[in-house]
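Here are my notes after a look through the two-chain model. Have it open while you read.

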Amino acid sequence: MSEHFGQSLSLFERAAKVAPGGIYGHMSPAACLPGASPYYAVRAEGCRYWDVDGHEYIDYMCGYGPIILGYQNAEVEEAATKQRELGNCFNHPTERFIELVERLVSLVDFAEWGVLAKNGGDVTTWAIQVAREHTKRKKIIRLKGSYHGVDPWCTPGHGGLIEEDREHIHQFGWNDLLALQGLVERYKGQIAGLIITPYHHPVFADQAFAEGGFLEGVQSICKAEGIVLIMDDIRGGFRLNIGGSHRAFGFTPDIACFCKAMANGYPISAAVGCEELRIAASKVFLTGSYWNSAVPMAAALKTLEILERDDVPQKLETVGRRLSEGLEAIGKKHGHKIQPSGPPAIPFYRLAEETNFVRQQQWCAEVMKRGAFFHPHHNWFVCASHTEADIDATLQIAEDALIACKERWD
Amino acid sequence: MKPAAFHHLQTRLYLHAVFPAFDGVIKASQEARALLKEQPFSVCFKTRSGLRASYHFTETGCDYIPGDSNQAELELFFFSDSHAAATFLEQTVFPPLPLRGFGSIRKMDTFKALSEMLKVWLKPTEGRLAEESFREVYVPLALRLALRGVCQLCSHDRSSTQLFSSGPHGLAVFQVGDNGSPVWIRFQPGELETGEGEPDSEPDARVIFRDSMVAALATMDKVDSVAAVGLGQIEVIGQVPLADHLNFLMERVQPFVDPEVAA
């Protein structure tokens, strides 16, 4: 690792002595650009953050999604502070719980009830239990390459699993309705739920939208077969449409799971569902030591208020388009295709000339050196604090980085 | 997994993943070469289930043929896969039936001696592991064994074939240092093979161990590989999921070829 990230490495050496992996999960250096990306952050503001080595970044990961308004948003922090002064963790929920669930139910068109938790995986796993409770069936259908959390039924990791963990989990490919039909025929009357993201956002691959009536087809099959349709809207929720991403893609699930954009960085997640599932939902036990904490709920209430008031999804779309058009133009200017995929608010860009991501990793490393955080393999996030000036500064960084790479490649 | 299926895979892995490592041992060991100098020999192992492989031992190495060899002077038949597995694991069982080469059966003493050497190379003591010269042989030997094992499992073990079909595919290269001699695996539907040297096409993933000690420990699953990547001890360039998937599959080989260690 270069001296550029000396303090990051020093901290990581300390961490690796006491924590398996040093940093685990999606923030592990192994999952990004080891040696060429920062490992530890110090502070953040707006769309920028600073690492332990003192480098400043225009951020395009936004905490891997939770930061939707920008770091340290004054209104959200004020709402959180006010609640903190009253208290956070009690023997009971506070009124904030009711206010937030009411808010979610009012925002999401098909929702008649909601529950709150902490992480996306809490609610995706709970949702498949609700599907099983409602249908009294065992099997769950999911998409190949999708991410729904780290519970045994869905973790992308390998360790600690037994074959039985996934005995009743079956997969099909995005946009492959025929494959889904095949699964439904094969396991007729046995499928409890189908969990799907509103668009496909795998890692190490382009994102993909539904084609040829795919989502409508999924919904129709689920309805015909009595399968509970669960939308995992952890990444897209409230970023693409304030009413949930199904509104942007023209289908209606039975349960929707939200998390990342809900509270601008405060830990909270939610599932909302249709009336038909209310009784089943009441029977599936859910709780956690901090699931009733009031501060994140206050932050979520304020965040959702701002998202609606300022039409943040539209703003993200506009900012994202500026970035997209700029990056595509830079690629063209220098003889490379910088391929966009996914929604402009949650985009992914890669060099289309390769499939092994080697040049992509080099380009993103050069970008990081120059002060913007581009993830080489995972979708990016833009936030409401990204200004036109930030995007233009980013584009200059991206171009300089590409020029530096070309010197190595040519 | 039922015992019969386990023993079948165990025997398959010995025949097609472990024993091909004799070549590396003979090339690296003067003692092995001396043993073969006066008495080269060849042997074909067969089992009732149809598993078979042949090995031609000379002082320059061991040619492995993944099937019958009419030229093998010895042909030994195992009554079952469990019989073969027990023999290869050196458990006390009755000997295999010689179908050819009765007069040369004493040459199996040389095979046993070579097997002992192979074991020493593949299960190194801390002392041996401390020697750079040992590690230079051990790392490619162990890596090739594991990759050959992956190819076998992904073709013949139900859960591994499912993992193979669902997981990432491509060409992956493993090497020690930026300029180290690579071993590779082509891991894609219809193409499951391993080799040494730089492959003829650009790899999808390249795993570079900073030095042979890191590589040896990683091969033995004695290193926190996630931390090692962050510390720069292991560099993974390109399709990280492919390398991760292969690492997982390589770990599945161990319980078959060395059940004691795995237990």
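The points below take the chain contact, one helix of chain A, a sheet and a helix pair in turn.

1. A reminder before anything else: this is a predicted model.

2. Start with how the chains meet. On chain A, 23 residues are in contact with 17 residues of chain B. Two helices of chain A, helix 1 (6-18) and helix 11 (358-370), each put at least two residues into the side that touches chain B. Helix 1 of chain A has the largest share of that side, at 3 residues. Sorted by class, the side of chain A that touches chain B comes out as 13 nonpolar, 7 polar and 3 charged residues.

3. Helix 11 of chain A deserves a look of its own. Its 13 residues reach 19 Å from first C-alpha to last, close to the 18 Å expected at 1.5 Å a residue. Of those 13 residues, 11 are buried, so helix 11 of chain A is largely enclosed by the rest of the structure. The buried set includes A:Arg359 and A:Glu366 as well as A:Val358, A:Trp363 and A:Met368.

4. What do the buried residues of helix 11 of chain A pack against? Within chain A, the partners are strand 12 (348-351), strand 13 and helix 12 (388-409), and chain B adds strand 10 (234-238). Just past the end of helix 11 of chain A, A:Gly371 takes a positive phi of about 110°.

5. Strand 13 of chain A turns up again in a sheet. That sheet is open, has 4 strands in the order 1-2-3-13 (chain A), and its pairing is mixed. Strand 1 (41-45) and strand 13 (372-373) of chain A are the edge strands, each pairing on one side only. Strands 1 and 2 (residues 48-51) of chain A pair in the antiparallel sense over 4 bridges. If you want a spot to check by eye, A:Ala44 stands opposite A:Tyr49 in strand 2 of chain A.

6. Over in chain B, look at helix 7 (residues 132-156) and helix 11 (residues 240-251): their axes come within 9 Å and cross at roughly 85°. Helix 7 and helix 11 of chain B are therefore roughly perpendicular to each other. From helix 7 of chain B, the contact uses B:Ala146, B:Val150, B:Leu153 and B:Cys154, while helix 11 of chain B brings B:Leu246, B:Leu249 and B:Met250. By class, the residues of this contact are 7 nonpolar, no polar and no charged.

Key. Residues are numbered from 1 along each chain as its sequence is written. Chains are lettered from A and ligands numbered from 1 in the order in which they are written. This is a predicted model: local features need pLDDT of at least 70, side-chain atom pairs count only at pLDDT 80 or more; totals for chains, interfaces and linings use all residues. Two residues are in contact if their C-beta atoms, placed from the backbone, lie within 7 Å. Ala, Val, Leu, Ile, Met, Phe, Trp, Tyr, Cys and Pro count as nonpolar, Asp, Glu, Lys and Arg as charged, and the others, Gly among them, as polar. Axes are lines fitted to C-alpha atoms, for helices over the stretch in contact, and angles run from 0 to 180 degrees between N-to-C directions. Angles under 35 degrees count as roughly parallel, over 145 as roughly antiparallel, 65 to 115 as roughly perpendicular and the rest as oblique. Two strands pair if DSSP finds at least two bridges between them. The expected span of a helix is 1.5 Å times one less than its number of residues. A residue is buried if 20 or more other C-beta atoms lie within 10 Å of its own, exposed if 12 or fewer, and partly exposed in between; C-beta atoms are placed from the backbone.
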